[in-house]
Amino acid sequence: MPKVDKSATALEGVKSIALIAPREPWAYSVMKFADPGFVFTTMDIEVKVSDSQRQQGQLTEMLKRKNFSFSTELTTQLASQLRQAGYQVTVQDGPWVQSNQGYSLKFADIQSKADAVLVVAPTVMGFVFLRDVKAYAPTITTRVTLLNKDKTRTLYQGYLATGWKPLDAGWDHAYTAQTFPTFDAVLSNPDKVVASLKEASTSIANLAARKMLY
């Protein structure tokens with residue numbers, strides 16, 4: 001779906017916004033891309049996939065033990081930004097439907113009486129190894145869509161990332177400061193990991209506010 005920049009008049013008459021909370025991920029992401037030019041054999045690929053799945057399970061279990069919820073954190077941060085800008089905000093569950101190991105929804109199925117509806121649809125939540133800094137960075141990538149009251153017109157649609165930035169054109173990016181040199185360092189610092197993911201959520205909320213409201 002294409003990016004839609006907010007027009008100067010997009011938010012005229014909008015006083016209330018329904019924020020549709022994202023679902024908690026099935027598993028938090030752990031991604032490490034191969035060096036450019038390196039050729040994997042089939043066995044290499046199987047090993048890499050197995051390692052990634054094992055690490056994702058370890059990270060997800062660690063965050064559960066720390067009672068961290070990405071959905072709660074990002075929703076709270078976004079709602080705060082909207083309220084600070086003067087909008088009345090209601091947070092509600094959306095008609096999310098399980099799709100493979102993720103979720104999707106149809107905008108037309110959302111029930112809301114607010115003047116606008118904000119839908120947050122994350123794609124990556126976790127840690128990605130950045131080759132340029134040689135460290136794992138807390139990463140969130142998400143599509144953020146603001147719809148009119150009837151969900152028939154897109155007032156804003158942006159593709160936002162913090163930590164790792166996708167190579168595709170059209171992504172807006174905000175950096176986060178905290179990184180971890182190895183995945184073992186991630187697992188051995190649960191408090192720092194939670195703090196870094198909260199910082200990443202704040203970065204996404206701040207970026208969304210700048211792009212969507214001002």
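The exercises below work through a predicted model, each with a task and a stepwise solution.

**Exercise 1: Confidence**

Find out what the mean pLDDT of the chain is, and where pLDDT stays under 50.

*Solution.* Begin with the chain as a whole, for which the mean pLDDT is 89, while 92% of the residues reach 70 or more. Next, look for the weak stretch, which covers residues 35–50, where pLDDT stays under 50 and the model has six contacts beyond four places in sequence. Finally, keep a caution in mind: where pLDDT is low, the predicted coordinates should not be read in detail.

**Exercise 2: An aromatic pair between two loops**

Describe the geometry of the aromatic pair formed by Tyr28 and Phe68, and work out which parts of the chain the pair ties together.

*Solution.* A pair of aromatic rings is described by the distance of the centres and the angle of the planes. The count of aromatic pairs comes to six. For Tyr28 and Phe68, the centres are 6.3 Å apart and the planes make an angle of 50°, and the pair is tilted. The next step is to place the two residues: Tyr28 lies in the loop between β1 (16–21) and β2 (29–31), and Phe68 lies in the loop between α1 (42–65) and α2 (70–84), so the pair ties together parts that are 40 residues apart in sequence. As for their surroundings, Tyr28 is buried because its relative accessible area is 3%, and Phe68, with a relative accessible area of 9%, is buried as well.

**Exercise 3: The rings around Phe129**

Determine how Phe129 and Tyr136 are arranged, and which charged residue lies over the face of Phe129.

*Solution.* Start with the pair of Phe129 and Tyr136, which is edge-to-face, with 5.1 Å from centre to centre and 70° between the planes. Phe129 counts as buried at 14% relative accessibility, and Tyr136 is buried with a relative accessible area of 4%. Then extend the view to Phe183, since ring pairs link Phe129, Tyr136 and Phe183 into a cluster. The last step concerns charge: Lys32 lies over the face of Phe129, at 4.5 Å from the ring centre. Elsewhere, Arg23 lies over the face of Tyr103, at 5.2 Å from the ring centre.

**Exercise 4: Two packed helices**

Describe the packing of α2 and α4, and place Ser203 in its surroundings.

*Solution.* Two packed helices are described by the angle between their axes and the distance between the axes. For α2 and α4 the angle is about 35° and the axes are 9 Å apart, and the crossing is right-handed. The residues that meet include Phe70, Leu74 and Leu78 in α2 and Ile204, Ala205 and Met212 in α4. Turn now to Ser203, which lies in helix α4 (residues 190–213) and is buried because its relative accessible area is 13%, under the 20% limit. Leaving aside residues up to four places away in sequence, Ser203 touches Thr162, Ala174, Tyr175 and Thr176.

**Exercise 5: Positive phi values**

For Asn67 and Lys134, decide what is notable about phi, and whether each residue is buried or exposed.

*Solution.* Most residues other than glycine have a negative phi. Asn67, however, has a positive phi near 60°, and Lys134 has a positive phi near 55°. Asn67 sits in the loop between α1 and α2, whereas Lys134 sits in the loop between β6 (116–130) and β7 (135–148). Asn67 is exposed, with a relative accessible area of 71%, and Lys134 counts as exposed at 61% relative accessibility.

How values were computed. Residues are numbered from 1 along each chain as its sequence is written. This is a predicted model: local features need pLDDT of at least 70, side-chain atom pairs count only at pLDDT 80 or more; totals for chains, interfaces and linings use all residues. Side-chain values use heavy atoms; hydrogens and water are left out. Helices (H or I, at least four residues) and strands (E, at least two) are DSSP runs, numbered from the N terminus. Buried means under 20% relative accessible area, exposed over 50%, partly exposed in between (1.4 Å probe, protein chains only). Contact means heavy atoms within 4.5 Å. Rings of Phe, Tyr and Trp (its six-membered ring) pair if their centres lie within 6.5 Å; planes under 30 degrees apart count as stacked, over 60 as edge-to-face and the rest as tilted. A charge sits over a ring if NZ of Lys or CZ of Arg is within 6 Å of the ring centre and within 35 degrees of the ring normal. pLDDT is the predictor's confidence in each residue, from 0 to 100. Axes are lines fitted to C-alpha atoms, for helices over the stretch in contact, and angles run from 0 to 180 degrees between N-to-C directions. A crossing is left-handed if the near helix is turned anticlockwise from the far one by less than a right angle, and right-handed if clockwise.
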